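I opened the notebook with three topics in mind: helix packing, a sheet, and the relation between chain copies. My entries follow in the order I looked things up.

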Protein chains: 4
Amino acid sequence: MTTRPARVLRPPRIAVCGGSSPDAEEMREAEAAGRAIARAGAILVCGGLGGVMAAACRGASDEGGTTIGVLPGRDPAAANPWVGVPLATGMGDARNALVVSFADAVVAVGGAWGTLSEVALARVLERPVVLLRPGLARGLPLPVAADAAAAVEEALAACGVPAAAG
Amino acid sequence: MTTRPARVLRPPRIAVCGGSSPDAEEMREAEAAGRAIARAGAILVCGGLGGVMAAACRGASDEGGTTIGVLPGRDPAAANPWVGVPLATGMGDARNALVVSFADAVVAVGGAWGTLSEVALARVLERPVVLLRPGLARGLPLPVAADAAAAVEEALAACGVPAAAG
Amino acid sequence: MTTRPARVLRPPRIAVCGGSSPDAEEMREAEAAGRAIARAGAILVCGGLGGVMAAACRGASDEGGTTIGVLPGRDPAAANPWVGVPLATGMGDARNALVVSFADAVVAVGGAWGTLSEVALARVLERPVVLLRPGLARGLPLPVAADAAAAVEEALAACGVPAAAG
Amino acid sequence: MTTRPARVLRPPRIAVCGGSSPDAEEMREAEAAGRAIARAGAILVCGGLGGVMAAACRGASDEGGTTIGVLPGRDPAAANPWVGVPLATGMGDARNALVVSFADAVVAVGGAWGTLSEVALARVLERPVVLLRPGLARGLPLPVAADAAAAVEEALAACGVPAAAG
């Protein structure tokens, strides 16, 4: 028998929050954020449905990353096709608190009231938040990143993970 | 046997949301909102703790109203002294979704991230929101009331309850 | 200004748990339990839907008691007609934890897996449980009451409330 | 650009439930169940703490499997060292509903009220349950497996996954 490791690897978990009806630019940003998260070896957490959530999962899965979808309903099959770990909460919109609580840091891409609730709950739970596209969160005292790469880098730095080498 | 009524009275439920460290003006407004809710025959719902929550409960209980406190912890004894119905969720800050979901309409009095999360969750759940003191919610597309009486009147009207006679 | 009371009355809250398809005897027992809870000045908490929940609410409301329904869905109008305070959790079956957490003690009337989950969660949360009809909970180390009056008396005693005078 | 896959792999998720103070035999069974889950390519879901949860995670991680810990508190660092994906719910014991809701099937190893609540909630949510050590669930209409390998095989079969080749 080989020596058992003292603990397993625990990659950082970054949530990407955003609406289900984003514009084309938000879709590109969300997908780029998902790619950057996976390339950094982090796990993507999201709400598991369409729009920004699907774009981020597609980006992360293209890079071979792990994608967790925290779903409002009871049926894991409702997740978008790029969610590898669908988690059916059955808790409806109260699951928004879980999306951000499950992550070490949060990147928000536009969105409306649902995304704003996730941003606010993240701050209540003391999870760092970076705005990639501000949406309804514009005007709040939160950092705004220039692009997806910067947003993910800032989110990872907030978790204590050094920026990935080029 | 007497005739059984077809259904019981179901008074409207108005949530008052706000922080645990309000300024003096916010305390006065919260207490006045609580009074107005009770005078209208509505039930006050809040987070059950101190600050704005306690002031609203004090106002409502002074008028003989029913006060519900939706607590983050497991111990109902943690409620402020003017909560008649302490509901211990044990769900931490995820209880913010319940505070607004339990109400027909929401009045927000100042506050920081927690209150903002309640405002946003209320809109996700399609509960009408009236800002009495905007706090972090300033700038959002929500009605701002001139004073507590107007805020409660507007909240009740949004539930379909006519304004109380003088 | 009159002297403000130091705190409001906080009546005990007793949950009645049971299934939505009880037999006639369970319906009678649930209604009698609701009556006994209201006569003792306690608040009835239940899941807010039909079957045992509706029977208990009918009994309590016949006696002028307060009835709280902790609903799985988002719509308070889904409560049975004898619920005076419908609380829409939107949390699906995860609301079972709230039904018992909101109460000081629990009376179970028959039921299947849902009721068993409430009984078990009540014990996790250290809420006393009295079985009126054991249902799936038969065989568990829990007290079984002879009738509804005894069940409610035992539940109230477990909360520290003395038995009501004749 | 390479052809994007239509969807990502979505391995089955099996929950192992059990208490934090198991006996030595329960620890061995839990670890063996964790190993069997990982060997089958499934993901282990558990409550993330000690006892049966830690033993199952240790077994699964020894085999290179993915381990998810659904924690009651807010701090992911509270997970046992063999949890690779710690999910901090902040929901206290109400998280029991999530442990089983996140899984396709459940294996229970002994345990007391908490485990019984998970077994009952799993049935409410129509997740198949296999008892490896019955604990308080003895007497309930649920299948009891002869050993850990059989329990995991039965759980996977209930999810529609064929038994692993020898």
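**Entry 1: helix pair in chain C.** I began with the handedness: H1(C) and H2(C) cross in a right-handed way. (Right-handed means that the near helix is turned clockwise from the far one by less than a right angle, left-handed anticlockwise.) The contact draws on Met27(C), Ala30(C), Glu31(C), Gly34(C), Arg35(C) and Ala38(C) of H1(C). From H2(C) come Val52(C), Ala55(C), Ala56(C), Arg58(C), Gly59(C), Ala60(C) and Asp62(C). Contact here is heavy atoms within 4.5 Å. I sorted these residues by class and found 7 nonpolar, 2 polar and 4 charged. (Ala, Val, Leu, Ile, Met, Phe, Trp, Tyr, Cys and Pro count as nonpolar; Asp, Glu, Lys and Arg as charged; the others, Gly among them, as polar.) H1 spans residues 24-39 and H2 residues 52-62; their axes come within 7 Å and cross at roughly 40°. Axes are lines fitted to C-alpha atoms, for helices over the stretch in contact, and angles run from 0 to 180 degrees between N-to-C directions. Helices (H or I, at least four residues) and strands (E, at least two) are DSSP runs, numbered from the N terminus.

**Entry 2: ground rules.** The model is predicted: local features need pLDDT of at least 70, side-chain atom pairs need 80 or more, and totals for chains, interfaces and linings use all residues. Residues are numbered from 1 along each chain as written, chains are lettered from A and ligands numbered from 1 in written order, and side-chain values use heavy atoms, without hydrogens and water.

**Entry 3: H4 against H4.** I looked up H4(A) and H4(B), both residues 113-124: they pack at about 155°, with axes 8 Å apart. That makes the two roughly antiparallel (an angle over 145 degrees). Their contact includes Trp113(A), Leu116(A) and Trp113(B). It divides into 12 nonpolar, 4 polar and 2 charged residues. This crossing is left-handed.

**Entry 4: chains A and C.** A rotation of 180° with 0.0 Å of shift along its axis superposes chain A on chain C, RMSD 0.0 Å. The copies are thus related as by a two-fold rotation axis. Superposition is by least squares on C-alpha atoms of residues with pLDDT of at least 70 in both. In chain A, Met91(A) comes closest to the axis, at 1.9 Å (C-alpha).

**Entry 5: sheet in chain D.** I traced 6 strands in an open, parallel sheet, ordered E4-E3-E2-E1-E5-E6. Strands pair if DSSP finds at least two bridges between them. The edges are E4 (85-88) and E6 (129-133).

Definitions and conventions: Angles under 35 degrees count as roughly parallel, over 145 as roughly antiparallel, 65 to 115 as roughly perpendicular and the rest as oblique.
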